[in-house]
Amino acid sequence: MTLQGSLTHERYCAEVLAETERFRSALRGADLATTVPTCPDWSLAALARHVGAAHRWVGTLVATRATENVDEADIPGAAGPAGDDPAALDAWLAEGAEGTVQALREAGPDAAVWSWAPVHTAAFWARRMAHETVIHRADAALTSGAAFDVPPEVAADCLEEWLQLCALPMAAEGGARLLGPGRSIHLHATDTPPELNAEWFIDLTGRTITHRRAHEKAAVALRGPLTDLLAVFYRRLPADSDRVEVLGERALLDEWLAEMSFG
């Protein structure tokens, strides 16, 4: 299987910086002690520390061309600033994203780097960090009331990556429970140009989960703006939201959302 993205390495690097700036903007002026509804074990401050630590972890992996995992406890600055001073946390987030992008750019997409996925390159981490930051910006925006929108080509690639991750062996147990005759899901973005091909058919009828970019009739269809489809599939927006439309076997979509979760 492939984990190849549709954007360039440089675009992913630029998106890590842009999404981190948007994430920081969503936090500014908010009460950092507020619980994040979509990650109820975290406050906004804890969410910020998670994002900043993830950036520094990946930056260290890439900069050192790691051949195995690096413990977060061994990464300088990963714990973040003492206390929850908003200005210090904001500066720490900016510094972490900039350091990670510098490491990714210096490495180039083909540099060999350890990862938990079948692909062991800096390109994997550039894409993963861009999308990780997108999804956690959704958490911050939902908590603080900030707007959440994503460039269409980034949102489509983020959703495509999510479906690729669902086919990995690490997701096999949950995926196996979804398989069966006549079981399929169609995602249809209603606000994108035809050339983006923002439709997906998820086939659950075989021995493994597969997907393809196609307009095909499925057991259940989820329709709506692309950013909202992404939010539903990452469980940042409920499927019964009036921003999306579910047609067909709603129970199958609910099963999928319960079993397949990343980010």
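**Notes on the predicted model**

1. Let's begin at one residue pair: Asp-203 has Thr-210 of β5 as its bridge partner. Keep in mind as you read that this is a predicted model. Three bridges hold β4 and β5 together, and the two strands run antiparallel. They also make a hairpin, with six residues between the strands. If the word "antiparallel" is new to you, here is the background: strands in a sheet pair through backbone hydrogen bonds, and the pairing can be parallel or antiparallel.

2. What lies on the other side of β4? Strand β3 (residues 184-189) is joined to β4 (residues 199-203) by five bridges, and this pairing is antiparallel too. Two places are good to find on screen. His-188 has Glu-199 in β4 as its bridge partner, and Ile-185 stands opposite Ile-202 of β4.

3. Now zoom out to the whole sheet. It is an open sheet of five strands, in the order β5-β4-β3-β6-β7, and the pairing is mixed. The edge strands are β5 (210-212) and β7 (245-248), each of which pairs on one side only. Ignoring direction, neighbouring strands are turned by 15° against each other on average. Helix α5 (residues 152-166) packs on this sheet and touches β3, β4 and β5, with its direction at about 10° to that of β4.

4. Why is β4 described as largely enclosed by the rest of the structure? Five of its five residues are buried, so that description follows. Look at which way the side chains go: Glu-199, Phe-201 and Asp-203 point one way, while Trp-200 and Ile-202 point the other way, and all are buried.

5. Next, a residue at the end of β3. Ala-189 sits in that strand. Its relative accessible area is 7%, so Ala-189 counts as buried, the cut-off being under 20%. Setting aside neighbours within four places in sequence, Ala-189 contacts Ala-198, Gly-224, Leu-226 and Leu-229. For a sense of scale, try a distance: Ala-189 and Arg-127 are 62 residues apart in sequence and 22 Å apart in space, C-alpha to C-alpha.

6. There is another strand pair to look at. Strands β1 (residues 35-36) and β2 (residues 39-43) pair in the antiparallel sense over two bridges. A hairpin of two residues joins β1 to β2, and Val-36 has Cys-39 of β2 as its bridge partner.

7. On to the aromatic rings. How many aromatic pairs does a search of the whole structure find? The count is nine. One of them is Trp-57 with Trp-125, an edge-to-face pair at 5.2 Å centre to centre and 80° between the planes. This pair links distant parts of the chain: Trp-57 belongs to helix α2 (residues 44-63) and Trp-125 to helix α4 (residues 122-144), 68 residues apart. Both Trp-57 and Trp-125 are buried. They belong to one aromatic cluster that also takes in Trp-114, Trp-116 and Phe-124.

8. Stay in helix α2 for a moment, since Arg-56 is there too. Buried or exposed? Arg-56 is buried, with a relative accessible area of 9%. Not counting residues up to four places away in sequence, Arg-56 touches Ile-75, Pro-76, Gly-77, Ala-78, Trp-92, Glu-95, Gly-96 and Thr-100. Try picking these out one by one in the viewer.

9. Last, the empty space. Rolling a probe the size of a water molecule over the atoms shows where space is left. The largest pocket holds about 180 Å³ of space. Its lining includes Leu-3, Gln-4, Gly-5, Leu-7, His-9 and Tyr-12. Also in the lining are Pro-109, Val-119, Thr-121, Ala-123, Phe-124 and Arg-127. The elements that give two or more residues to this lining are α1 (9-27) and α4, and α4 gives the most, with three residues. Two names here should ring a bell: Phe-124 is part of the aromatic cluster in point 7, and Arg-127 is the far end of the 22 Å distance from Ala-189.

Note on methods
Residues are numbered from 1 along each chain as its sequence is written. This is a predicted model: local features need pLDDT of at least 70, side-chain atom pairs count only at pLDDT 80 or more; totals for chains, interfaces and linings use all residues. Side-chain values use heavy atoms; hydrogens and water are left out. Rings of Phe, Tyr and Trp (its six-membered ring) pair if their centres lie within 6.5 Å; planes under 30 degrees apart count as stacked, over 60 as edge-to-face and the rest as tilted. Helices (H or I, at least four residues) and strands (E, at least two) are DSSP runs, numbered from the N terminus. Buried means under 20% relative accessible area, exposed over 50%, partly exposed in between (1.4 Å probe, protein chains only). Two strands pair if DSSP finds at least two bridges between them. Axes are lines fitted to C-alpha atoms, for helices over the stretch in contact, and angles run from 0 to 180 degrees between N-to-C directions. Contact means heavy atoms within 4.5 Å. On a 1 Å grid over the protein atoms alone, a cavity is a set of points where a 1.4 Å probe fits but cannot get out, and a pocket is an open set with protein on both sides within 12 Å along at least five of seven lines; lining residues have an atom within 4 Å of a point. Grid points are joined across faces, edges and corners, and a volume is the space filled by probe spheres set on the points.
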